[in-house]
Amino acid sequence: MAVEQRNVERGTDVLIRKVDSHLAAVRAGLRGPELELAERLARCLRELVVSTAHASAADRGQVRAAVHYFVLRRESQGRLLSVRSLAAAERVVHRVARQLGRTDLLTESGRQGAALDTRTPAHQEPPDAGPPAGSPARSRG
């Protein structure tokens, strides 16, 4: 049990160090809203890492994948992280937070997205779509 506890703590520490070191690198190149988003995502990831330290392997794996996605550097002509890749990281982190029931960690845009997801399922047809193709009620003219 003590060995397992040390492994969990070590894994947690490693993930948090990855987030912190990436955030330090990003701070050198980002300003304004992009930097604020990176800092919010880092806070969310740290909390997810800590809160899932003793969770199932599947939950810890989801958090680990989100951390790795966040710290993935997409270098393009000297820039560490573009705004677009931060937005992509935000979607990944929000999806993991929602799956783990941690909607309290979502940024405002993530909360709005979650509300939209529950109101309109992706498979739902528009109200005026009529009967499905091939249905006897559809006229063939």
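1. Two residues count as being in contact when heavy atoms of theirs lie within 4.5 Å. With that in hand, look at how the chain holds together: of the contacts between residues at least 6 apart in sequence, 58% join residues at least 24 apart. Do keep in mind that this is a predicted model.

2. On the overall layout: the chain has five helices and zero strands, so reading along the sequence gives α-α-α-α-α. The chain runs to 141 residues, and 32% of them count as buried. The chain exposes about 9,300 Å², with carbon and sulfur atoms supplying 52% of that area.

3. Helix α3 is worth a stop. This helix covers residues 57-71, which makes 15 residues. From the first C-alpha to the last, α3 reaches 21 Å, close to the 21 Å expected at 1.5 Å a residue.

4. Which residues of α3 are buried? They are V63, A66, V67, F70 and V71. These residues cover an arc of only 130° around the axis, so they sit on the same side of α3. Turn to the face pointing away from that buried side and you find the exposed residues A57 and A58.

5. Now for one residue on the buried side, F70, which lies in helix α3. Why does F70 count as buried? Because its relative accessibility is 2%, and the cut-off for buried is under 20%.

6. What does F70 touch, leaving aside its neighbours within four places in sequence? The partners are V19, H22, A38, L41, A42, L45, L86 and A89. Several of these can be placed on a helix: α2 spans 32-51, and the list of partners includes A38, L41, A42 and L45. Take V19 as a case to check in the viewer: F70 and V19 are 51 residues apart in sequence, yet their C-alpha atoms are 7.6 Å apart in space.

7. Last, a loop residue. T52 has its place in the loop between α2 and α3. Is T52 buried or exposed? T52 is buried, because its relative accessible area is 6% and buried means under 20%. Not counting residues up to four places away in sequence, T52 touches R60, V63 and L100. One of those partners, V63, is also among the buried residues of α3.

Conventions: Residues are numbered from 1 along each chain as its sequence is written. This is a predicted model: local features need pLDDT of at least 70, side-chain atom pairs count only at pLDDT 80 or more; totals for chains, interfaces and linings use all residues. Side-chain values use heavy atoms; hydrogens and water are left out. Helices (H or I, at least four residues) and strands (E, at least two) are DSSP runs, numbered from the N terminus. The expected span of a helix is 1.5 Å times one less than its number of residues. Buried means under 20% relative accessible area, exposed over 50%, partly exposed in between (1.4 Å probe, protein chains only). The arc is that of the directions from the helix axis to the C-beta atoms. Accessible areas come from the Shrake-Rupley method with a 1.4 Å probe; for residues, only the protein chains shown count as cover.
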